[in-house]
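Biologist: Could you take me through how to read charged pairs and surface patches in a model like this one, giving the general idea before each case?

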Amino acid sequence: MNGPSFLPMRKTFRRAKYEQLEDLIETLPWVATIDKFQHWIYENHDHSLAERKGKWDSIFNQFSDTVTDWSGLQQNKDYLWQKQLHLYEVPFYYIEYGMAQLGAIAVWRNFKKDKQSGCRKYQDALKLGNTTTIPEIYKGGWNQV
């Protein structure tokens, strides 16, 4: 199994892991941005267009990188939030993606630290099913080794 014929498979696997990590690094700040903006919109339903643009810009800047040059693209930036259909179709659901990604990282970390304990804790969490809340599951220690 360690022969040269498996070398391309290892490289592909390593590349896939890095791509997954890159996607996660891009996704989590966007999830936080959308979630915070969405909360503001619902808490301030009588806001003006100017207030919405200002708040979006403030929140977007809080979670975005500092290297992207938006010069000449302010109008695009002002309405970037509209690409996230969850705001319209399933309000307050998008945060679930971030929570799922963070949970997956915790499971992976536990498995890397102690395979047997990591698997057991994950299975214990799964056994709870829909009988408890996410915070209760975390309190149960499944994400700690």
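Modeller: Let us begin with a charged pair: a salt bridge is counted when a side-chain nitrogen of Lys or Arg comes within 4 Å of a carboxyl oxygen of Asp or Glu. In this predicted model, the side chains of D57 and K77 meet in such a bridge, with 3.0 Å from N to O.

Biologist: In which helices do D57 and K77 lie, and what does the pair tie together?

Modeller: D57 belongs to helix α2 (residues 49-63) and K77 to helix α3 (residues 74-78), so this pair ties together parts that are 20 residues apart in sequence.

Biologist: Is K77 buried or exposed?

Modeller: The word buried is kept for residues under 20% relative accessible area. K77 counts as buried because its relative accessibility is 7%.

Biologist: How many salt bridges does a search of the whole structure find?

Modeller: The search finds four, and one of the other pairs is E19 with R15, whose side chains meet at 3.6 Å, N to O. Here both partners sit in helix α1 (residues 7-43), four residues apart, which is about one turn of the helix. As for accessibility, E19 is partly exposed, with a relative accessible area of 45%, and R15 is also partly exposed, with 47%.

Biologist: Which residues are linked in a network of salt bridges?

Modeller: R120, D124 and K127 are linked in this way. Within that network, the side chains of D124 and K127 meet at 4.0 Å, N to O, and because the two residues are three apart in helix α6 (residues 115-128), about one helical turn separates them. D124 counts as partly exposed, at 35% relative accessibility, whereas K127 counts as exposed, at 67%.

Biologist: Turning from charges to nonpolar side chains, which residues form a nonpolar patch on the surface?

Modeller: For a residue to be considered for a patch, it needs over 30% relative accessible area and no salt bridge, and nonpolar side chains are then joined within 5 Å. In this model the patch consists of V90, Y93 and Y97, which together have about 270 Å² of accessible area.

Biologist: Where is V90 found, and how accessible is it?

Modeller: V90 is found in the loop between α4 (86-89) and α5 (95-113). Its relative accessibility is 36%, so V90 counts as partly exposed, a class that lies between buried, under 20%, and exposed, over 50%.

Definitions and conventions:
Residues numbered from 1 in each chain as written. Predicted model: local features only at pLDDT ≥ 70, side-chain atom pairs only at ≥ 80, totals over all residues. Heavy atoms only, no water. Patch = residues over 30% accessible without salt bridge, like charges linked within 9 Å, V, L, I, M, F, W, Y side chains within 5 Å. Areas by Shrake-Rupley, 256 points an atom, 1.4 Å probe, with all protein chains shown as cover. Buried < 20%, exposed > 50% of the residue type's maximum accessible area, 1.4 Å probe, protein only.
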